[in-house]
Amino acid sequence: MNKNDMIQTTIDDMTNEGEGIGHVDGFTLFVKDALPGDIVEARITRPKKTYAYARTERILVPSDDRCGAPCINARRCGGCRLQEMTYGAQLAFKEKKVRDALTRIGGFDGESLPLQHVIGMETPFRYRNKAQYPIGNDARSKSPSPVAGFYAGRTHSIIPVSDCLLAPEEYADILDRFLKWMNKYKIPAYDETTGKGLVRHLLIRKGFSSGQILVCPVVTREKVPHMQELLDLLHCSEQAGSPACSEQINISGAIAGIRSVCLNVNSRRGNVIMGDKTIPLYGDPWIEDQLMGLTFRISPRSFYQVNPAQTEVLYTRALEAAALTGSEVVYDLYCGIGTISLCLAKEARQVYGVEIVPDAVRDARQNAERNGISNAHFYAGAAEEVVPRGYFEENVPCPKADVVVVDPPRKGCAESLLTTILQMNPSRIVYVSCDPATLARDLKYLCAGGTYRLDCVQPVDLFPQTTHVENVARLSRN
Ligand code: SAH
């Protein structure tokens, strides 16, 4: 098979990343923009010895799972890999992805697998409370013209997007005002290839319960000109706005809910979005939101689940899995701003949270106080370093664990932490995971000694339209 060859194939499966899988003459084809059940005409883009990558050129017979993507950028953007699939088919895909990981990577028996059906959303759009728009110069324009959107493929050029259908509607308006401000005052966008320029990203966060919005441009240096004009444009100036500026740029109407505007300074090269320094410009450098009946402070650099409606479903399942009676000592590792910890604390004797980002630990302590919770304590550091030391405070050994909850990022837990958890010997381990593959790997490790058995895995769809899926797994001591 050669590059640019056209082939016709029936798609019979899908990869974990959402590419269609087809077969032609003993070749396996990974076909972009094709769904199981489609018959497509595809162009070979990268031929290999026994397999090839291809791109759909024409759908000859559409799959029953196919629906029109509501977003015109769905294909090019790549954020919503499943947008052309009906939501029912998306959920089935995710359930299979979890099953495959647990059986193939985790080595669990498919027959007796305690896997529940995935819990989906009623309305699977506009669910994200956080957006991070890369800012760059429009490659199609001769003079520098700032754009916000997404990176095209694996390139540094940005395809403009005005409205992302996963984000709240008012984000488009905020983005529009921000770009108009950059344009008018000739604020240079950051250029990834040269490292020159000023504005790298625009982070927007909203508390869906509180209605509070945080706007945080990520910039390369502290000094940014015309900040007051930006605040005016966002209608959140302390002096009740200087409308002259808004009128000049032809913008009217306020955006309800903007409570916080801050700058985050990131002067380093590379693809890490946020830097260490956050400078408040308007309001406090955080917003608040309510989740599970508790109020949380969220700083720009702290992790906060992006889909609050489904997070409540997830946390409720995690609490059920912890099965607390009020007398337990619980560890919540990778605790972020303490969202799970504080829910647990209401039903436990003592909760110890460990988190690596110092701002998040500060938020967590503040959140405990804000909610009148005194039996939750938070420690900053890597869980795999802090927990094995066994002494969170000097010369005070940690009490014995009844329940350990972990909620690591995609790469899963450090193996040394899993060893420590086994030594802690809790009655139950609750594993919250955003990556089925590392979940399966870690569950296999935790069950290998025969002390623990897997009694439940509950997938929850926190990320509709994307290939990602969240899970809560529970292990009980035999
Ligand atoms: N349980 C929280 C946060 C989960 S996200 C919630 O539901 O909101 C994972 C968190 O782990 C992030 O806050 C991240 O900063 C933190 N983290 C990443 N690596 C870590 C490590 N090695 N030790 C402790 N925390 C870590």
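## Surface and burial

The chain exposes an accessible surface of about 21500 Å², and carbon and sulfur atoms make up 49% of that. Keep in mind that this is a predicted model. As for the inside, 53% of the 478 residues count as buried.

## Overall build

What does the chain consist of in terms of helices and strands? There are 23 strands to go with 11 helices. The radius of gyration comes out at 24 Å, close to the 23 Å that the globule rule gives for 478 residues, so the chain is as compact as a globular protein of that length.

If you're setting up a box, here are the extents: the C-alpha trace spans about 70 × 65 × 40 Å along its principal axes. Now for contacts along the sequence. Taking those with a separation of 6 or more, 62% are between residues 24 or more positions apart.

## Where α10 meets α11

One helix pair is worth a look on its own. Helix α10 covers residues 415–424 and helix α11 covers residues 436–447. Their axes come within 10 Å and cross at roughly 40 degrees, and the crossing of α10 past α11 is right-handed.

Which residues make the contact between α10 and α11? On the α10 side you'll find Glu 415, Leu 418, Thr 419 and Leu 422, while α11 brings in Asp 442, Tyr 445 and Leu 446. Sorted by character, the residues of this contact are 4 nonpolar, 1 polar and 2 charged.

How values were computed:
Residues numbered from 1 in each chain as written. Predicted model: local features only at pLDDT ≥ 70, side-chain atom pairs only at ≥ 80, totals over all residues. Heavy atoms only, no water. Axes fitted to C-alpha atoms, helices over the stretch in contact; angles between N-to-C directions. Helix = DSSP H or I, 4+ residues; strand = E, 2+ residues; numbered from the N terminus. Left-handed = near helix turned anticlockwise from the far one by under 90°. Contact = heavy atoms within 4.5 Å. Nonpolar A, V, L, I, M, F, W, Y, C, P; charged D, E, K, R; others polar. Rg over C-alpha atoms; globule rule 2.2 N^0.38 Å. Buried < 20%, exposed > 50% of the residue type's maximum accessible area, 1.4 Å probe, protein only. Areas by Shrake-Rupley, 256 points an atom, 1.4 Å probe, with all protein chains shown as cover.
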